[in-house]
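User: Hi! I am new to reading protein structures, and I would like a close look at one part of this one. Could you walk me through its salt bridges?

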Amino acid sequence: MIILEKEITGVMVYYYIVCKKKLWYFYHEISMEHTNDNVYIGKLIDEESYKRENKHINIDNVINIDFIKTKKILHEVKKSNKIEEASILQVKYYLYYLKKKGVIDIKAKIDYPLLKQSVDIEIDEDDEKYIQETLDKIKEIVSLKYPPKTDKKKICKSCAYYDLCFI
């Protein structure tokens with residue numbers, strides 16, 4: 001069993017789907033995102049959207065919920081749905097984590113304000129098994145001495161870590 005120095009966060013679950021190397025860098029506090037325009041645009045969207053909501057609900061420094069609306073629905077705000085699989089897994093991890101803390105009967109939505117769309121998210125037993133498997137794989141990746149090999153993808157060109165991986 002692998003024991004980590006830090007808890008697995010929602011961002012790490014997201015990065016697991018997006019890029020294993022980015023996940024490793026993030027865990028090891030190698031950050032390139034402060035200089036990336038796409039990250040900046042995402043932060044602007046977050047700041048300017050849903051201004052009346054109580055935002056950024058941090059739980060144990062593990063999950064950071066964008067906001068919770070009535071009827072036990074947590075919301076995650078995303079710039080686009082290009083990496084929707086990662087966003088869905090991140091939000092399902094939030095539900096999984098909350099369930100482990102005793103919070104039940106909660107649902108979620110991913111909001112895409114620029115697209116004027118949202119996606120409803122729920123979690124079932126199969127999701128919980130997949131999340132646990134994912135957490136085990138994340139532990140393996142971040143415990144490596146060196147980052148995993150880069151798998152060049154279409155999204156790499158817009159990634160904050162592009163220069164670190166390919167130049």
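Analyst: Happy to help; here is a short tour of the whole protein, followed by the salt bridges and one buried lysine.

Keep in mind that this is a predicted model. The protein has six helices and five strands, and from the N terminus on these elements run α-α-α-β-β-β-α-β-β-α-α. Of its 167 residues, 40% are buried. Among contacts with a separation of 6 or more, 64% are between residues 24 or more positions apart. The accessible surface comes to about 10,500 Å², and carbon and sulfur atoms hold 51% of that.

Now for the salt bridges. The count comes to six, and we can look at some of them in turn.

Let us begin with Glu29 and Lys6. These residues form a salt bridge in which the closest N and O atoms are 3.1 Å apart. The pair links distant parts of the chain, with the two positions 23 residues apart: Glu29 sits in the loop between α2 (20-27) and α3 (37-48), while Lys6 belongs to the segment before α1 (10-18). Glu29 has 64% relative accessibility, so Glu29 counts as exposed. Lys6, at 31%, counts as partly exposed.

Next come Asp60 and Lys101, whose closest N and O atoms are 2.7 Å apart in their salt bridge. This pair, too, links distant parts of the chain, 41 residues apart. Asp60 is in the loop between β1 (55-59) and β2 (63-69), and Lys101 is in the loop between α4 (84-100) and β4 (107-112). Asp60 is partly exposed, with a relative accessible area of 43%, and Lys101 is partly exposed as well, with 49%.

What about Lys78 and Glu76? Their salt bridge has its closest N and O atoms 3.4 Å apart. Buried means under 20% relative accessible area. Lys78 has a relative accessible area of 13%, so Lys78 is buried. Glu76 has 5% relative accessibility and therefore counts as buried too.

One other lysine is worth a look while we are here. Lys92 lies in helix α4. Is Lys92 buried or exposed? At 17% relative accessibility, Lys92 counts as buried. And which residues is Lys92 in contact with, once its neighbours within four places in sequence are left aside? They are Ile121, Glu122, Ile123, Asp127 and Ile131.

To recap with the pairs side by side: Glu29 is exposed and its partner Lys6 is partly exposed, Asp60 and Lys101 are partly exposed, and Lys78 and Glu76 are buried.

Technical notes:
Residues are numbered from 1 along each chain as its sequence is written. This is a predicted model: local features need pLDDT of at least 70, side-chain atom pairs count only at pLDDT 80 or more; totals for chains, interfaces and linings use all residues. Side-chain values use heavy atoms; hydrogens and water are left out. A salt bridge is a side-chain nitrogen of Lys or Arg within 4 Å of a carboxyl oxygen of Asp or Glu. Helices (H or I, at least four residues) and strands (E, at least two) are DSSP runs, numbered from the N terminus. Buried means under 20% relative accessible area, exposed over 50%, partly exposed in between (1.4 Å probe, protein chains only). Contact means heavy atoms within 4.5 Å. Accessible areas come from the Shrake-Rupley method with a 1.4 Å probe; for residues, only the protein chains shown count as cover.
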